[in-house]
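Hi everyone, thanks for making time. I'd like to walk you through one model this morning, so have the sequence and the 3D view open.

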Amino acid sequence: MNGLLPSFLTDLLQSPYFALFVIIALGFMLGRINIKGISLDVSAVIFVALLFGHFGVVIPSSLSDFGMVLFIFTIGIQAGPGFFRSFRSKGRSLVIISLVIVSTAAIAAVAMRYLFGLDTAATTGILTGALTSTPGLATAKEIAGDDTAVAYGIAYPFGVIGVILFVKLLPRLCKINLADVEREMANEDRSRYPEIATRTCRVENIAFTDKTLSEMNLRVITGGAVVSRIKHDGEYLLPTGNSRLSHGDLIKAVGTDAALDKLEQFVGSKVEEDLPLGVELDLVTAIVSNKALVNMRLSSLNISSNFNCTVTRVRRSGIDLPPTPNLQLRWGDKLTIVGRKGDLSELTKLLGNDAKKLSDTDFFPIALGIVLGVLFGRLTLSLGDTFSFSFGLTGGVLVMALLLSAKGKTGPVVWSMSSSANQLLRQLGLLLFLAGVGTSAGQSVVETIQREGWSLFIAGIVVTLAPMIAAAFVGMRFFKINIFDLLGTITGGMTSTPGLAAADSMTDSPAPSIAYATVYPVAMVFLILCVQAIASIF
């Protein structure tokens, strides 16, 4: 930037830390510019970084790698609990789309080989650069030689930028209202996890008269209704397993509408009367912050017998869950409990009920999880002399974070963090990664194009765009998946972390991250196989 800026500012930009925050600040300013409803948000940082990189500003690769690891790990921790459920319900369609992406990219690369007369090194370099795959590049270099890196370096910048622009523009081009899609997803979640309600019924069924709650087994026969209070002879009682019902008693229960309808059918008619807590009873909300309880089943606590209290609902990640005996407790669950004040005090002590622990960030699980991920990524799977595979840094950290987060707890170590801590670390990691990747790519893109000509650059654009267009067509036409799952699948299939960042900034839903995590390992392995196939055929 010599000659364009005052000398003192030029000297300051030689400091990577000063340059880093200048790039981030300018990136946020650019990202907030809204043109006809389209803005780049945090993704704008990489465009500013490309410009700075072209003029010689360099962000150390160690900072970029640190940011990438932090971003990928927090994505895995967030996506882990829903990953396996998503894989079971949508995995087949998402994986097929990711295979379409990599296959289309490989076919497009071969087509560019014949169109521009490229050699094997250039073909595999264009393929891995368009999909921004470092493990793919390592495989290509080993097979086709160091010249692969030149084509990779030309295709890489548009591989980064093209995915971001495609992700941002696809909803607009398809005339999809993202707010409407988010509402539809919220409705699906509500149907999967129906809202918890309360209802008061009069005991009229003779078959249930003079029986204890344990003998009636109402929770099982109604599908989850929990009796929270009883009115007997004008007295309000807290139910226990030994509570005996009489004809005309009123019971108040908590559960889904379907469970409460069954309760009404079995027990007796609904009455419009609320049952107050009474003098001795109280209702509290307690947070699970005791690490020893994580992954324990609710039945293991035997709350009714040990504390003479009743759990009426469990709230997790904004969703009310019925307190079934087999429900496993998670860090941060909020339990609504009815009981006598003295008993409630003892129970809340057991649960922990320390909101400060949830807001504090324990860095030990983060550090240990990343260490395990890096080590896992370095493991190499060899099948004979022709094929070897390793997840690499990104894949190893992502897979390990998914597994640890889904497990929840190992001994005293809880593999989770508060949503605010996750968001902060993810944003920090993303900014470091985008700034480092952008300045690195910006250093050589103009010179490389001038030296090698435009053929490789055009080939890179084609190999970047063709698979995303094919994925959008297949996903919308044949699988009818929602736009957020599609964007996550496209960015995962393209192995594009900046693309995921762009998709992630468009919604508060974790859907893009979960889809990305679902297909990323599959796409990475299949890309390496395609590179080896191209090298062996040509």
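Let's begin with the aromatic rings: there are two aromatic pairs in this structure. I'll take one of them, Phe473 with Phe478. How are the planes of these two rings set against each other? They are 80 degrees apart, with the ring centres separated by 5.9 Å, so this pair is edge-to-face, since the cut-off for that class is over 60 degrees. As for their surroundings, Phe473 is partly exposed, because its relative accessibility is 45%. Phe478 has a relative accessible area of 56%, so it counts as exposed.

One thing to keep in mind as we go: this is a predicted model.

Now please find helix α19, which covers residues 455–479. Is its length what one would expect? Let me put that properly: what should the 25 residues of α19 span? At 1.5 Å a residue the answer is 36 Å, and the C-alpha atoms at the two ends are 35 Å apart, so the model agrees with the expectation. Right after the helix, Lys480 has a positive phi, about 55 degrees.

Stay with α19 and pick out Ala459, which sits in this helix. Is Ala459 buried or exposed? Its relative accessibility is 0%, so it is buried. What does Ala459 touch, once we set aside neighbours within four places in sequence? The contacts are Met112, Phe116 and Ile126. Ile126 is 333 residues away from Ala459 along the chain, yet their C-alpha atoms are separated by 7.1 Å.

Phe116 turns up again at the surface. Together with Leu115, Trp454, Ile458 and Val462, it makes a nonpolar patch of about 470 Å². Two elements, α4 (61–116) and α19, each give two or more residues to that patch. Trp454 lies in the loop between α18 (419–452) and α19. With 54% relative accessibility, Trp454 counts as exposed, because the limit is over 50%.

Let's move to another loop, the one between α2 (16–31) and α3 (44–54), where you'll find Val42. Val42 has a relative accessible area of 7%, so it is buried. Which residues is it in contact with, leaving aside those within four places in sequence? The list for Val42 is Phe28, Gln427, Leu430, Leu431, Leu434, Ala501 and Ser505. Looking back along the chain, Gly31 is 11 residues from Val42 in sequence, and the two C-alpha atoms are 5.9 Å apart.

My last stop is Thr120, in helix α5 (residues 120–130). Thr120 has 16% relative accessibility, and it counts as buried because that is under 20%. Not counting residues up to four places away, Thr120 touches Arg113, Ala144, Ala535 and Phe538.

Let me zoom out before I finish. The protein chain has 22 helices and 12 strands. Of its 538 residues, 51% count as buried. Among contacts with a separation of 6 or more, 80% are between residues 24 or more positions apart; the Ala459 and Ile126 pair we met earlier is 333 residues apart. The accessible surface of the chain is about 24,200 Å², and carbon and sulfur atoms account for 58% of that.

That's my tour, thanks for listening!

Technical notes. Residues are numbered from 1 along each chain as its sequence is written. This is a predicted model: local features need pLDDT of at least 70, side-chain atom pairs count only at pLDDT 80 or more; totals for chains, interfaces and linings use all residues. Side-chain values use heavy atoms; hydrogens and water are left out. Rings of Phe, Tyr and Trp (its six-membered ring) pair if their centres lie within 6.5 Å; planes under 30 degrees apart count as stacked, over 60 as edge-to-face and the rest as tilted. Buried means under 20% relative accessible area, exposed over 50%, partly exposed in between (1.4 Å probe, protein chains only). Helices (H or I, at least four residues) and strands (E, at least two) are DSSP runs, numbered from the N terminus. Contact means heavy atoms within 4.5 Å. Patches are made of residues with over 30% relative accessible area and no salt bridge: like charges are joined within 9 Å, nonpolar side chains (Val, Leu, Ile, Met, Phe, Trp, Tyr) within 5 Å. Accessible areas come from the Shrake-Rupley method with a 1.4 Å probe; for residues, only the protein chains shown count as cover. A salt bridge is a side-chain nitrogen of Lys or Arg within 4 Å of a carboxyl oxygen of Asp or Glu. The expected span of a helix is 1.5 Å times one less than its number of residues.
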